[in-house]
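Notebook open, viewer open. I want to look up the ligand site first and then a handful of residues.

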Amino acid sequence: MVTRTTHGNVMIGPTAEDLTEAGDATTREGLAAVLAGAKRLVPFPYEQATITQFAGLRSVGSGDFTLQPSANMPGVLHLAGIKSPGLSAAPAIGQWVREWAADAAGLLPKDAFDPSFAFPPRLAELSWEERKRRIEENPAYGRMVCRCEQVSEQEVVEAIRMQPGARDLDGIKRRVRPTAGRCQGGFCMPRLLEILCREGELAAEQVSKFGPGSELVVGDNRRIVPCK
Ligand SMILES: Cc1cc2nc3c(=O)[nH]c(=O)nc-3n(C[C@H](O)[C@H](O)[C@H](O)COP(=O)(O)OP(=O)(O)OC[C@H]3O[C@@H](n4cnc5c(N)ncnc54)[C@H](O)[C@@H]3O)c2cc1C
């Protein structure tokens with residue numbers, strides 16, 4: 001498959017292989033098959049333009065999705081073995097879970113609930129006039145943290161301050177995209193670390209990529225990062 005992501009990147013693949021060892025998830029043969037298949041559909045020198053590769057595990061259950069209340073633990077609902085087309089099925093599964101939870105716990109709809117959720121605007125998508133106005137109002141909009149994805153310091157700060165706010169590098173990436181571009185964090189990571197320290201009042205060694213066990217720096221690093 002050759003497709004476009006919602007952010008405009010080109011994505012090719014995947015393969016589907018039955019494996020016994022999780023460590024075998026990405027193989028030279030698998031990558032070659034992805035490249036050959038994509039080139040047959042849309043000829044392009046993908047090797048030269050590739051910025052990252054992903055491996056995903058498909059959960060395999062009893063055949064169909066397992067959507068069932070626990071037999072042993074009242075109030076626990078199992079949603080397991082949701083392999084393809086689990087993504088397409090997610091809205092319907094969500095609706096079913098809501099109905100189940102409302103029934104199981106006697107929940108009532110909240111009249112004042114507003115399901116809309118607005119992200120702060122992306123600077124790179126605004127007109128030049130609007131960018132200029134924002135930078136004049138707040139110079140942090142003019143400090144470029146991520147050059148690949150064109151993300152300013154203020155956007156990172158807003159990703160940390162929003163509710164629920166980002167608490168680690170991947171949280172920032174999912175909200176406003178720094179580290180998702182061509183350099184994969186090579187240039188912006190030290191700056192993100194610095195902003196997370198400042199906004200979250202953290203010591204540098206407390207900052208992680210995705211929670212405990214993925215800390216970015218160890219030991220005395222105050223000379224590298226001006227954190228607490
Ligand atoms: C390569 C590939 C292509 C696919 N293509 C399609 C497609 O085209 N269309 C389609 O509909 N579906 C597709 N799927 C399937 C789809 O991605 C899954 O069905 C769907 O993501 C399952 O959703 P889920 O929420 O059940 O599990 P996941 O999306 O796997 O979410 C589980 C989450 O739990 C987290 N987690 C795991 N263990 C722990 C733990 N101990 N503590 C805390 N968190 C934990 C994981 O990090 C993950 O974020 C594809 C899957 C793959 C791998």
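Before I list neighbours, a note to self: I call two residues in contact when they have heavy atoms within 4.5 Å of each other. I also keep in mind that this is a predicted model.

**Entry 1: Gln154**

I started with Gln154, which sits in helix α5, residues 153-161. Leaving out residues up to four places away in sequence, I found Gln154 touching Asn138, Ala140 and Tyr141. Is Gln154 buried or exposed? Its relative accessible area is 11%, and the cut-off for buried is under 20%, so I put Gln154 down as buried.

**Entry 2: the ligand**

Next I looked up what surrounds the ligand. The list I wrote down is Pro14, Gly56, Arg58, Ile82, Lys83, Ser84, Pro85, Gly86, Leu87 and Ser88. Sorted by class, this shell holds four nonpolar, four polar and two charged residues.

Which atoms pair up with the ligand here? For Ile82, I noted a backbone N or O atom 2.6 Å from a ligand oxygen. Pro85 also uses a polar backbone atom, which is 3.2 Å from an oxygen atom of the ligand. With Ser84 the side chain is involved: one of its polar atoms lies 3.4 Å from a ligand nitrogen. I then checked the cover: the ligand on its own has 1,000 Å² of accessible area, and the protein covers 34% of that.

**Entry 3: domains**

I pulled up the domain assignment, which gives domain 1 as 2-49 and domain 2 as 137-228. How far apart are the C-alpha centres of domain 1 and domain 2? I get 29 Å between them.

**Entry 4: Leu169**

Leu169 belongs to helix α6, which covers residues 169-176. With a relative accessible area of 3%, against a limit of under 20%, Leu169 counts as buried. Which residues does Leu169 touch, not counting those up to four places away in sequence? I wrote down Met189, Leu192, Leu196, Ser208, Lys209 and Leu216.

I also checked two C-alpha distances from Leu169. Gly211 is 42 residues away from Leu169 in sequence, yet the two C-alpha atoms are 9.1 Å apart. For Glu215 and Leu169, the separation is 46 residues along the chain and 9.9 Å between C-alpha atoms.

**Entry 5: Ser208**

Ser208 turned up in the Leu169 list, and I looked at Ser208 next. I found Ser208 in the segment after α7, the helix at 189-200. Its relative accessible area is 5%, and therefore Ser208 is buried too by the under 20% cut-off. Not counting residues up to four places away in sequence, the contacts of Ser208 are Asp168, Leu169, Ser214, Glu215 and Leu216. Where does the side chain of Ser208 find a backbone partner? One of its polar atoms is 2.8 Å from the backbone nitrogen of Gly211.

**Entry 6: Glu215**

Last stop was Glu215, which also lies in the segment after α7. Why do I not call Glu215 buried or exposed? Its relative accessibility is 39%, and buried needs under 20% while exposed needs over 50%, so Glu215 goes down as partly exposed. Residues up to four places away in sequence aside, Glu215 touches Glu205, Val207 and Ser208. A polar atom of the Glu215 side chain is 3.1 Å from the backbone nitrogen of Gly213.

Note on methods
Residues numbered from 1 in each chain as written. Predicted model: local features only at pLDDT ≥ 70, side-chain atom pairs only at ≥ 80, totals over all residues. Heavy atoms only, no water. Near = heavy atom within 4 Å. Polar contact = N/O pair within 3.5 Å; in protein donor to acceptor, adjacent residues only side chain to side chain. Areas by Shrake-Rupley, 256 points an atom, 1.4 Å probe, with all protein chains shown as cover. Nonpolar A, V, L, I, M, F, W, Y, C, P; charged D, E, K, R; others polar. Domains from an automatic or database assignment. Helix = DSSP H or I, 4+ residues; strand = E, 2+ residues; numbered from the N terminus. Buried < 20%, exposed > 50% of the residue type's maximum accessible area, 1.4 Å probe, protein only.
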